[in-house]
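The paragraphs below go through a protein structure step by step, beginning with its sheet and ending in its loops. Keep the sequence and the model in view while reading.

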Amino acid sequence: MKEFDYIIMGGGCAGLSLAYELNLHKKFENKTLAIIEPREEYKRDRTWSFWKIFSHNFEDCIKKKWDNFTINIPKNTKYIKCKNTPYQTIDSGLFYDKIIYSLKQNHNIFFFKNINEIEKNNSFIFNSVADVNHNKDDLWQHFGGVEIETNKEIFDEEIFNLMDFDCDQKENVHFFYTLPFSKKKALVETTWISDLKNISIQDYDNQLNHYIKDNLKIKDYKINYKEVGAIPLFKPNNVKKISPISFGPFFKTFRNILSKN
């Protein structure tokens, strides 16, 4: 089986971003990379949002950005400006198209569906894959979201709601999140900070339906897109020659590699 200098476990946002940045800085001119990703095709499956604190190479994938946001608690709303660090949302479909096309231009970068297809004993491995099935006791941020479209102009597209805590917490941390892309279109998500053992709080569709109708007061809408996800909030154990990565700290991982080469 073929050997590689580097292996990235997981071809999602974190893994592909790391591969793209390293490739952009010509780190694979004389090195080889294998990306392990089981999916059959890349298409829009996530909404990634973040505060822009420095320049990045994904501006052409930005779907929308905001300079103002709100945070809600029962009977109180806080309005906050963020012009110096605007909040940006990336369209995962645009991101995948850009990154996959770029990586495939380099003949030293390969994609595989299973790690067992290659030799890995002498490779440096980056792992962006969280094992949901074996870590349900740990703390996770898990969520379900829908992009809705209305017939009438309802949303203020210049301000987004980062957290609405005016909802049932069920002895955990629970909030809703609304990103208005236009006056008629928005992403609405229900988000929990908890373990993954409690199935009763994972009825995301029901939660979203009630929130949209009762809190946002929207009765007539259609759903254009759905997403579900879970992000681990615990620190993985470091294993020799295996570096855990996620989208947030991947820039730090990238800079560490550059400083050593």
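Two strands count as paired if DSSP finds at least two bridges between them. The structure shown is a predicted model. With that criterion, which residue stands opposite Thr150 in E14? The partner of Thr150 is Tyr221. Strand E10, residues 140–150, pairs with E14 in the antiparallel sense, and the pairing extends over 11 bridges.

This pair belongs to an open sheet of seven strands with mixed pairing. The strand order is E6-E5-E11-E12-E13-E10-E14. Strand E6 (76–81) and E14 form the edges, each pairing on one side only. From one strand to the next, the twist averages 15°. In general, the strands of a sheet pair through backbone hydrogen bonds, in either a parallel or an antiparallel manner.

A helix is placed against part of this sheet. H3 lies across E10, E11, E12, strand E13 (185–194) and E14. Relative to E13, H3 runs at about 125°.

The nonpolar interior comes next. In soluble globular proteins, nonpolar side chains tend to be buried together. The largest nonpolar core here has 24 residues, and Leu16, Leu33, Ile35, Ile90 and Phe95 are those with the most contacts inside it. At least two residues of this core come from each of strand E1 (6–9), helix H1 (13–24), strand E2 (33–36), strand E3 (47–51) and helix H2 (92–103). H1 gives the most, with six residues.

Which residues does Ile90 touch, leaving aside those up to four places away in sequence? Ile90 is in contact with Arg46, Thr47, Trp48, Phe50, Phe58, Cys61, Ile62, Lys63 and Phe95. Another core, of 12 residues, lies apart from the largest one and includes Val146, Cys167, Phe176 and Ala186.

Two lysines in loops have backbone angles to note. Lys170 lies in the loop between strand E11 (160–164) and strand E12 (173–180). Its phi is near 50°, a positive value in a residue other than glycine. Lys217 also has a positive phi, of about 60°, although it is not a glycine. Lys217 is found in the loop between helix H3 (204–215) and strand E14 (221–232).

Are these side chains buried or exposed? Lys170 has a relative accessible area of 40%, so it is classed as partly exposed. Lys217 counts as exposed because its relative accessibility is 61%, the cut-off for exposed being over 50%.

Note on methods:
Residues are numbered from 1 along each chain as its sequence is written. This is a predicted model: local features need pLDDT of at least 70, side-chain atom pairs count only at pLDDT 80 or more; totals for chains, interfaces and linings use all residues. Side-chain values use heavy atoms; hydrogens and water are left out. Helices (H or I, at least four residues) and strands (E, at least two) are DSSP runs, numbered from the N terminus. Buried means under 20% relative accessible area, exposed over 50%, partly exposed in between (1.4 Å probe, protein chains only). A nonpolar core is a set of buried Ala, Val, Leu, Ile, Met, Phe, Trp, Tyr and Cys residues joined through side-chain atoms within 4.5 Å. Contact means heavy atoms within 4.5 Å. Axes are lines fitted to C-alpha atoms, for helices over the stretch in contact, and angles run from 0 to 180 degrees between N-to-C directions.
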